[in-house]
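Good morning, colleagues. Please take a moment with the sequence and the structure on the screen before I begin.

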Amino acid sequence: MGRFDYILFLSVLILCAIGVMLVYGATYNSRYPWEKNLYKRQITYCIVGLALLFIFWRLPIRLHYALAYLYYIAVLLVLVGLFIFGGEGVKRWIDLGFFQFQPSEFAKLVIIFVISRYLMDARTEVSSFSRIALLGLLILFPFLFIINQPDLGTGVVFIVLFYSLLFWSDMEFPLFLILFSPMINLVLTVHWASWALFFIAFSIFILLSRVRFSVALGSIIGNLVLGVAAPFFWSQLKDYQRERILVLLNPSRDPFGVGYQMLQSKITVGSGRMFGKGFLSGTQTNLAFLPVRHTDFIFAVLGEEFGFLGVLLVLGLYFIVIYRAFRIARDAKGYFPRFVAAGLGTLLLFQVTVNVGMVIGLLPVTGLPLPFLSFGGSSMAVFMVSTGLLLNIHSNRGEFV
Amino acid sequence: MQRKFRVFVFASILIFSLLILRIFSLQVIKGDYYFRLSDNNRIRVLRLRAPRGLIYDRNGELLVENKPSYTVSILPFEFEPTQENILAVARLVDVPPESILAKLETKRVNDYTPIPIKRRVPLRLVHEIGEQSADFPGVVYEVEPMRLYPYNELACHIIGYTGEISAPELRETYKLGRRAGDIVGKQGVEKIYDGKLRGRDGASYLEVRANGEVVGPARDKREIPPIAGADLFLTIDLWTQAMAESVFAWVENGVLIAMDPTTGEILASVSKPNFDLNIFSGPISPKTWKRLSDRKTHPMFNRAIQGNYPPASTIKLVTGAIALQERIINKHSFQEQPCTGSIWYGDREFFCWLRKGHGALDFLDAMATSCDVYFYQLGMKIGLDSWIDYMKRCHFGEKTGVMLAPEAAGFVPTRNFYNDRFGPRGWGRGVILNLCIGQGEILVTPLQMATIVSAFANGGKLLKPKVVKRLVPPDGATVEFPTVVRDELPFDKEVIEDVVEGMVRVVNSDIGTGKSAAVPGITVAGKTGTAQNPTGENHAWFIGFAPVDDPKIAIVVLLEHGGSGSLAAWVAGEFLRRYFGAL
């Protein structure tokens, strides 16, 4: 074997250790007895995760290239099974008795493999719309099942990975912009002025670029139609459907539920001040306000007990991991390993941003856990496997036959 | 690749800087404030109840308003449910402790949503809670707008009332955002337009000490102001409604509907017995509840839309129109058999309501006198299938679609119905004789009759009845409810004119059964009906409209056990004479 990225490995190890500490701190004197031993399970997850890390470090990356579509079919079958047999309400888990398996976590990895393989195979034709449309379709199926679970957060992860890897591919930038424009378009329809500004700038840029005139015109018309249709569809939604979306984007619409939770989360983080209250000294009364403090809101525990300095340390470690991931992507020789590394970097960056943003009240509440820190076996496994993959790609610079 | 790498690293740096800046602001700049909140003080969310939309009549007269009212609630997170605490609260608000315990369990939404324990508490109690907050940790009062109905029972079935959401209602409307403890509309437009009337509750955030003492508003959490509900303008006309109720004052069980026949707008609707809407704004005594839930009289039942009755002779409008439309007769046709008080069909004798007989009559006089023998012969010639087909095309047996619930559909029997009920050989062709004079298995609601008589008044348009004219949300984008034409009657203009001519005779000729509905100076058209009632005195009907040349109002009167249709005609006449200022 080639080189070993000790910096990446050590950063991940420290993050895992901090995670166990925080899970312990969040639950050791919980009012629910079954919560008190969760830290032991988290330690088990770390150990299993480390094993996975070493396995995926040693497995040749070629293997995942070869198996990408098989993985895809397997995950799709599980998602369909969950959809059919999952019963009413939220269906995110498969109960294996000793472990609640969360297929949407693993779907993230599989989506990275599939996009990477597809883009590698399509390398020379990556700027062909029909090829990209087919890829979009490939992602759409699992996306729809995941949205239906409902797990909007993971669904958005898919979209982010799709665009991120298109950006890393050899696609010409104007084409990338055309593909990305519907996203910007939809966001900017919140106000007619912002939308108009976007539309004019987009049109000028696309017309001046070297894109074929018919494609440019098509994309401009497409964006025009989308911009006009979006408010129309919005007005067609039923009151309660609109309400659900609005509460998601602006939790203060639900002041007693999500809104209150977010307020408590901010108080918990803020009360840590510069140096924190100290390990195990977080005020339990306050923590009890946060129902999922050991999973989605673990960062609040960090902020409270270790203060701004603790936050800086952890965010620094995350930055190192993400930076290494992108560097490994840059230095990789093969297309497939590069895309995989870039996808993993994007995944890490996105989840850290969305989770921390949620805890500090910047972003809406989504169920995305904090990598390595949040309690949970599926998430831990996925990110340990990710680290193993990054170490593998680093070790032989992604030599890929 | 270097370029792409740089883009992503730059993006990461940007994002991390943003996060760190925000955390710096939370922990270092505002850290002391949050520390205090986490240490012993806490944030309490108070619900700011949105005022429910007001309800007006068509001219803007206020029919339903709000008055502030105090509710004692428990904050689940701050309240420790020890026996001692529960007893203290029970003593304070004078509610049995078991009911408080039950509410804590069943009405809990989440830790922070106050659970209403007792509504409409006196101001004295509010002061007590305010002053002794330390004695009752977790007990607060909320201001909730409550309904006030200044005209008591006026239009009670149309307006409906409000009350705390029930478990089945909650299951049904949870998706729409209703929560345990919410006040919702229970009947009438209060129920149907609940989503528009209720507005959106706001919230304010208070910093409180551990002992319940309020420090002040929370610092970086702005108050969310409540948004008032939309106001409703009914089609009801207060003046017309009040008049209808006074005409009906002596009626025990019955219905009066006044409709604008050109728009389908209901101007007045009375269903007796009725009830005072304000009953529901206070504790209901067992005696009142017994009266309200009486299984015989059913005051809460809106007979105008929920009651199924045989239409009796009022259906002769339609039977006559079918015969005219099918060219079986013209308006001056006589029938082969003059009325001798009865007619034989098969092996059965069918009687006219007038046993001594009407003699020979043409269609117009048969309408005026409501001669059954004349119409039996029409029924034989029309035939069962054709008659049923026309009835369906007039939309009998289906709901009118008025925005009130629950609505009854009436009933039009079919061949299959008779086959199922009596066996294929168990019934004879004679059923059509009963049906065509509105007896037998056919059932209608008073509102269906109002739309039919309006259709004859307006030249054949079957309109969807309306009770709400307009919806005015607080942001001012008024919604007008348009006139909806459900269908055209399956009759020619001339046919309708002939039937109306017969209806004019009902009221305006010496032999007419509805003479007492006449209004001096105004030509009234109408039709009486006397429905046989196996369980008691006959039901009396009158349907009509006026003036004939330019219809302004259509009216339906139904008196349960009223005896004879001419009594209903007299009641309608009393109403119309007052309405047109002729009294």
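**Chain B and its contact with chain A**

I begin with a proline: Pro273(B) sits in the loop between β12 (265-272) and α11 (286-292) of chain B. The peptide bond that leads into this residue from Lys272(B) is cis, with omega near 0 degrees. Please bear in mind throughout that this is a predicted model.

A second cis peptide bond runs from Ala546(B) to Pro547(B), with omega near -20 degrees. Pro547(B) also belongs to a loop, the one between β20 (539-546) and β21 (553-559) of chain B.

While we are on backbone geometry, I turn to Asp94(B). Its phi is near 60 degrees, which is a positive value in a residue other than glycine. Asp94(B) is placed in the loop between α3 (83-93) and α4 (97-106) of chain B.

A positive phi also appears in a hairpin. Strands β13(B) and β14(B) form this hairpin with 2 residues between them, and Gly346(B) in the turn has a positive phi of about 65 degrees. The two strands, β13 at residues 342-345 and β14 at residues 348-351 of chain B, run antiparallel and are joined by 4 bridges. Within that pairing, Trp344(B) has Glu349(B) in β14(B) as its bridge partner.

Next, the pairing around β10(B). What is the sense of its pairing with strand β2 of chain B, parallel or antiparallel? Strand β2 (residues 55-56) and strand β10 (residues 231-234) of chain B pair in the parallel sense, over 2 bridges. Here Tyr56(B) stands opposite Phe233(B) in β10(B). With strand β16 (residues 468-472) of chain B, by contrast, β10(B) runs antiparallel, and 4 bridges join them. Leu232(B) has Leu471(B) in β16(B) as its bridge partner.

On the scale of domains, chain B is divided into domain 1 (69-146) and domain 2 (238-579). The C-alpha centres of these two domains of chain B lie 53 Å apart.

I now move to the interface. The size of an interface is often given as the accessible area lost when the parts come together. For chain A and chain B the buried area is about 4,700 Å², with 72% of it on carbon and sulfur atoms. The contact draws on 54 residues from chain A and 46 residues from chain B.

How many residue pairs are in polar contact across the interface of chain A and chain B? The rule finds 8 such pairs, with both residues at pLDDT 80 or more. On the side of chain A that touches chain B, the elements giving two or more residues are α6 (152-168), α10 (239-249), α11 (258-270), α12 (284-287), α13 (298-331) and α14 (335-359) of chain A. Of these, α13(A) gives the most, with 14 residues. By class, this side of chain A has 26 nonpolar, 17 polar and 11 charged residues.

Finally, charge pairing. Side chains of opposite charge can pair when their charged atoms come close. Over all chains the structure holds 39 salt bridges. One pair crosses between chains, from Arg273(A) in the loop between α11 and α12 of chain A to Asp32(B) in helix α2 (residues 31-39) of chain B. The closest N and O atoms of Arg273(A) and Asp32(B) are 2.9 Å apart. The count between chain A and chain B is 1 salt bridge.

Thank you; I welcome your comments.

Definitions and conventions
Residues numbered from 1 in each chain as written. Chains lettered and ligands numbered in written order. Predicted model: local features only at pLDDT ≥ 70, side-chain atom pairs only at ≥ 80, totals over all residues. Heavy atoms only, no water. Contact = heavy atoms within 4.5 Å. Buried area = accessible area lost by both parts, 1.4 Å probe. Salt bridge = Lys/Arg side-chain N within 4 Å of Asp/Glu carboxyl O. Polar contact = N/O pair within 3.5 Å; in protein donor to acceptor, adjacent residues only side chain to side chain. Nonpolar A, V, L, I, M, F, W, Y, C, P; charged D, E, K, R; others polar. Domains from an automatic or database assignment. Pairing = 2+ DSSP bridges.
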